[in-house]
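User: I'm new to reading protein models. Could you walk me through this one with a few questions and answers?

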Amino acid sequence: IRDRDVTGVQTWLFRSLLSPRFEPDTVVRILRFLPLLCGLAQIELAYRTARIVLPGRDDLQSMATLVSGLCPVQIYVSQVISNEPFAGVLTALVVLLCLALLMEPVRHRSRWFFVALGIVWGLAVLTKVTPLVLAPLVVVAVAVYCRTVDAAAGQKTSTRMLFDVGITCGVCLLTCGWFFLRNFAYLGKPFVGNWDPEAGPAWWQEPGYRTWSQITSFGTSLSRPIYGGIWSVWDGLYSSLWLDGFVSGRVLRADQFPWNLNWVLAGAWLGLVPMCLLAISVVSCWRKEFDRSRKAILFCLAAIVTYLAATTEYFIRVPIYTTANARFMLGLVPCLGVLAAVGAAPLLRFRFLRAFVWASLACWAVAAYVAYFVPDAIRSFVTRA
């Protein structure tokens, strides 16, 4: 198997174990099950996240799970061999553990909980360096938990906070730090990306620079969603979140498209439905009904804003086509589902709006499912009909 066919530490490890025993084509087929399993695990984590953040609201939990489970970036990334599904499911688990701290602050957590959090976080960073941007949020979640526990016990903030934060960060460093020490020893720097000459040939694509319009504009991905990421950072994120706008990293003709093209293109406009709910969540999270969940909801919002800021910085610093890609945010898909449900909550109070929201989400969900799962025979029948 060529090196460019499989990426990621975990995938490389499984390939090394399987290659001596099977033919290359068989190894590829076996490896394709790994991201699918990660995708299934991601749906389960999305459901668990919704249950924790939205207790007692079965309707909102169902909506959050629907949006997370059928989010196109979640579907198409889970069908190709990559390190992204591993990083996504581990990041989602880190987020779930942090949300558990914020939603159940008075529940006693042993030191092993923070050890487990550090291990999972370290494995996520070892898979892909992107989860490192969660560091401030993980520290804040642990600190808020410790402060709440001390306040409930009638104690002032003590060394418990420093100890638990130290355990989490220290275990994470022990889990993944060796890799960065290895990079520093061999390459002279701990972080090495595809754009660094030390990692191989430097990437360069036309025009080789960014303009203000690429940072501030949006809308081209609605009319020309395929390869929409070349127009702006927001078009890139939108077209890769609600459809496979980068065609899984390939350059193909329309007749070679790997998915059901017409349904994929429909997702460009139907994606506005969950996107509008996400925007409404910024305001609706302050409603009284979310008093108990507000810290967790704000954590989800902060995680998305942090990833957006990191992606924008990466987009500016490395002017190549695929830098504004929602697959980097795969681990936050459960957060997207929760926020979509929070945004829909005030609308569900009215009969007409409730029917409109559920019908619109149903149309979006059907289009997402047909686009990436329906076989060619059924697709041809639906197209003719």
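**A buried valine and its surroundings**

Analyst: Val 125 is buried, as its relative accessible area is 3% (buried means under 20%, exposed over 50% and partly exposed in between, with a 1.4 Å probe and protein chains only). One thing before we go on: this is a predicted model, where local features need pLDDT of at least 70, side-chain atom pairs count only at pLDDT 80 or more, and totals for chains, interfaces and linings use all residues. Also, residues are numbered from 1 along each chain as its sequence is written, and side-chain values use heavy atoms, with hydrogens and water left out.

User: Okay! Which helix holds Val 125?

Analyst: Helices here are DSSP runs of H or I with at least four residues, strands are runs of E with at least two, and both are numbered from the N terminus. The run covering residues 111-127 includes Val 125, and that run is helix 7.

User: How far apart are the C-alpha atoms of Val 125 and Cys 176?

Analyst: Along the chain, Val 125 and Cys 176 are 51 residues apart. Val 125 also touches Cys 176, along with Pro 131, Leu 132 and Phe 180, not counting residues up to four places away in sequence (contact means heavy atoms within 4.5 Å). In space, the C-alpha atoms of Val 125 and Cys 176 are separated by 6.6 Å.

User: Is Ser 284 buried or exposed?

Analyst: Ser 284 sits in helix 14, residues 272-284. Leaving aside neighbours within four places in sequence, Ser 284 is in contact with Phe 290, Val 342, Gly 343 and Pro 346. Its relative accessibility is 3%, so Ser 284 counts as buried.

User: What about helix 3: which residues are exposed on its other side?

Analyst: Let's start with the buried ones, which include Leu 34, Cys 38, Leu 45 and Val 53. The buried residues cover an arc of only 150° around the axis, so they are on the same side of helix 3 (the arc is that of the directions from the helix axis to the C-beta atoms). On the other side of helix 3, the exposed residues are Phe 33, Leu 37 and Leu 40.

User: And the whole chain: what percentage of its residues count as buried?

Analyst: The chain has 18 helices and 0 strands. Among contacts between residues at least 6 apart in sequence, 70% join residues at least 24 apart. Of the 385 residues, the share that counts as buried is 49%.
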